[in-house]
Amino acid sequence: MKKKFAFFLMGKEFDPASDRAVFETGSCISYVYTVRDLEHAKELAAQCAQDGVGVIELCGAFGSEGAAQIRESAGAGVGIGYVIHDDDQDDLFRAFFA
């Protein structure tokens, strides 16, 4: 059985129905999903857990509080991580996402 991995990107500009991708190798299926808000992400995390996804990685927009809520929605059997950057990069990130 292939391992399943998911990555969630959150942003109001995404259309979750069409902004998604799947990559499959001999040993893993990787899903890239977009969500518009945390509530949708929590629903998707629960669905991913039911579908056998073992790890969900989140974009930085979730932060630690959002990641904790996704962890709760996905359940104890799914690993949850989130992207962060070093503090010395804060100005670059603020400028880009402004």
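A crossing of two helices is right-handed if the near helix is turned clockwise from the far one by less than a right angle. Keep that in mind for the first stop. The model on your screen is predicted.

**Stop 1: the two helices**

Select α1, residues 38-50, and α2, residues 63-74. α1 passes α2 in a right-handed crossing. Their axes lie 8 Å apart, and the packing angle is about 35 degrees.

Now show side chains. On the α1 side, pick Leu38, Ala41, Lys42, Ala45, Ala46 and Ala49. On the α2 side, pick Gly66, Gln69, Ile70, Ser73 and Ala74. These two groups meet. Colour the contact by class: 7 residues are nonpolar, 3 are polar and 1 is charged.

**Stop 2: the sheet**

Hide the helices and look at the strands. You have an open sheet of 5 strands with mixed pairing. Read across in the order β2-β3-β1-β4-β5. Which strands stand at the edges? They are β2, residues 20-24, and β5, residues 79-82. Each has a single partner strand, so one side of each is left without a neighbour in the sheet. Turn the view to see the twist, which averages 15 degrees from one strand to the next.

Zoom in on β4 and β5. They run parallel, and 4 bridges join them. Bring α2 back. This helix lies across β4 and β5, and runs at about 165 degrees to β5.

**Stop 3: Val55**

Click Val55, which sits in strand β4. Across from Val55, in β5, stands Gly79. Is Val55 buried, partly exposed or exposed? Its relative accessible area is 35%, so Val55 counts as partly exposed: the buried class ends under 20% and the exposed class starts over 50%.

Leave out residues up to four places away in sequence, and Val55 touches Lys4, Phe5, Ala6, Val78 and Gly79. Next, draw a line from Val55 to Arg20. The two are 35 residues apart in sequence, and their C-alpha atoms are 17 Å apart in space.

**Stop 4: Ala6 and the core**

Move from Val55 to its contact Ala6. What else does Ala6 touch? Again leaving out residues up to four places away in sequence, Ala6 touches Tyr31, Tyr33, Cys48, Val53, Ile56 and Glu57 as well as Val55.

Ala6 also belongs to the largest nonpolar core, which has 21 residues. Select Ala6, Phe8, Cys48, Ile56, Leu58, Phe62 and Ile80, the residues with the most contacts inside this core. Finally, colour the elements that give two or more residues to the core: β1, β3, α1, β4 and α2.

Note on methods. Residues are numbered from 1 along each chain as its sequence is written. This is a predicted model: local features need pLDDT of at least 70, side-chain atom pairs count only at pLDDT 80 or more; totals for chains, interfaces and linings use all residues. Side-chain values use heavy atoms; hydrogens and water are left out. A nonpolar core is a set of buried Ala, Val, Leu, Ile, Met, Phe, Trp, Tyr and Cys residues joined through side-chain atoms within 4.5 Å. Buried means under 20% relative accessible area, exposed over 50%, partly exposed in between (1.4 Å probe, protein chains only). Contact means heavy atoms within 4.5 Å. Axes are lines fitted to C-alpha atoms, for helices over the stretch in contact, and angles run from 0 to 180 degrees between N-to-C directions. Ala, Val, Leu, Ile, Met, Phe, Trp, Tyr, Cys and Pro count as nonpolar, Asp, Glu, Lys and Arg as charged, and the others, Gly among them, as polar. Two strands pair if DSSP finds at least two bridges between them.
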